[in-house]
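User: Please take me through the structure shown below, with attention to its charged side chains and its nonpolar interior.

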Amino acid sequence: MVVLWSFFVGAAKAILGLLSVSAVLLAVYGFYLSVKIGGKSGKGKRFSGLLVGHRGCMHIPEGDEVIPENTMPSFTFAADHGAQGIELDCMLTKDEEIIVFHDFKLNRLLNVDGQVADLTLKEIQSIPFPNFRNETVFAPRLEDVLIFAKERKLAVFVETKEIFPKKACILAKKVVQLIEKHDMVNDVVVISFGVPGVYFLRKFSPTIATCLLFFPKVHKELRKLKLVEEGWKMWGIFLIAPIVSLLIKFSSFFIGVDMVGPNVKVVDNNFIKFWRGLGFNIYTWTVNDPDAVANLMKVGISCGTNDVSLQAV
C-alpha cells in the first residue's frame, strides 16, 4: 500500500512538473507570437557598395568656415561631389516632430544650452547654426531631406536616435509614414544603435530596409571567443559557433535586420566572411581613407565618409 501511494505521489509530481514546464513554454511562445515581426525586407543588397556622405559632410572647410553637419548645405555638398547616398541622424522634438540633428544637447552645434527633447520644432528652427557664409542655416526636418534626396536620386541612411522603447516606437511610426508618403520605400534604409529602433521600424513596415549599428567592442568580444576566425575550426568552437550562428539568425528574424553597421576599425576579410555568411549586407562608418573606401566598395560594402569629394570613384 505504501509503495502504491508513493507511486501515485511520484506520478502526480511528475505530471505537475510537466504541466508547469508546458505552461512556461506556452507563455514564452505566446509572448514570442505577440512580438515577432517576421524576417528581413530583402532590400539589403540595394544599399551595398555605395559611397555615403556621413551627416552629409563633416569638418569640410568653406573659406574660413566649416559646413555644418546634418544640414541642407552639407547634403548638397555630398550630392555635388559624387555621393550615391547620404546618412543623417534624426530624433523627436518636444512636439514630436522629426528633426535632423545628431546630438541630444544643442550646445556643440548651436552654441546654446538646452536639449532637443525640451524644445519644439519651431523653437529649434529659430536658432541658426553660427558663423556660416553669412547665410542663415537651420536644422532641417527629416521630410525636407527626403524631398531633397529624391530630387537628387540619393539613397538615404536614416539613423534614428531614440533608443528607449516608447519614443523609439513613436519615431519609427512617423519615419515610416514619411518614407511611404514620398514613395521612397526602395531608397531608404533605417539604421540605429538601438534594437527598439529597428524592431519598431520593421513592425510598422515589412518592406523598408534596416541596419543595426554597433561599436567595435561588440565584434571584439566575438573575436575573443574566436568566432570570427577563418573556418571556425579552433578547439571547441565547432560546438559554440553553430549556436551563436543560430542566435544571430534568430535575432535577425526577430527584429528584421537586413544589414549590420560596424565601425570601420573592425572590418577585415574575416569580418566580411563572418557576417555575410550569416546573410547580412554591410554598411561601415566612418571611412575617410580613399584607398580603404575604394577597396571596401569593390567588395560591395557601403562606406560612410566625412568628405565624399576625396573618395568619389
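**Fold, confidence and charged pairs**

Analyst: The secondary structure of this predicted model comprises twelve helices and eleven strands.

User: What is the mean pLDDT of the chain, and where is the pLDDT below 50?

Analyst: Of the residues in the chain, 74% reach a pLDDT of 70 or more, and the mean is 83. Where pLDDT is low, the predicted coordinates should not be read in detail. The pLDDT falls below 50 over residues 23–35, a stretch that has five contacts in the model beyond near neighbours in sequence. It is also below 50, with 15 such contacts, over residues 229–239.

User: Which helix gives the largest share of the largest nonpolar core?

Analyst: The largest nonpolar core holds 56 residues, and those touching the most other members are L88, L142, V156, V175, I179 and W275. The largest share of this core amounts to seven residues, and these come from helix α6 (residues 165–181).

User: How many residues are in the second, separate core?

Analyst: This second core is separate from the largest one, and its members include I60, M91, L106 and L121. Its residues number 18.

User: Is K43 buried or exposed, and how far away is the nearest side chain of opposite charge?

Analyst: K43 sits in the loop between α1 (2–35) and β1 (51–54), and, leaving aside residues up to four places away in sequence, K43 touches V185, N186, T207, A209 and D258. Although D258 is the nearest side chain of opposite charge, a salt bridge requires nitrogen and oxygen within 4 Å, and K43 has none. K43 is buried, and the distance to D258 is 8.3 Å.

User: Are R55 and E69, which meet in a salt bridge, buried or exposed?

Analyst: The side chains of R55 and E69 meet at 3.0 Å, N to O, and the pair links distant parts of the chain, with R55 in the loop between β1 and β2 (61–62) and E69 in the loop between β3 (65–66) and α2 (72–80). Because the relative accessibility is 11% for R55 and 6% for E69, both residues count as buried.

User: Which residue forms a salt bridge with R108, and which residues are linked in the network?

Analyst: R108 is partly exposed, with a relative accessible area of 44%, whereas its partner D103 is buried at 14%; their closest N and O atoms are 2.6 Å apart. K161 and E159, both buried, form a salt bridge with closest N and O atoms 3.4 Å apart. The partner of R108 is thus D103, and the network of salt bridges links R55, E69, D89, D103, R108, E159 and K161.

How values were computed. Residues are numbered from 1 along each chain as its sequence is written. This is a predicted model: local features need pLDDT of at least 70, side-chain atom pairs count only at pLDDT 80 or more; totals for chains, interfaces and linings use all residues. Side-chain values use heavy atoms; hydrogens and water are left out. Helices (H or I, at least four residues) and strands (E, at least two) are DSSP runs, numbered from the N terminus. Buried means under 20% relative accessible area, exposed over 50%, partly exposed in between (1.4 Å probe, protein chains only). Lys and Arg count as positive and Asp and Glu as negative; His and the chain ends are not counted. Contact means heavy atoms within 4.5 Å. A nonpolar core is a set of buried Ala, Val, Leu, Ile, Met, Phe, Trp, Tyr and Cys residues joined through side-chain atoms within 4.5 Å. pLDDT is the predictor's confidence in each residue, from 0 to 100.
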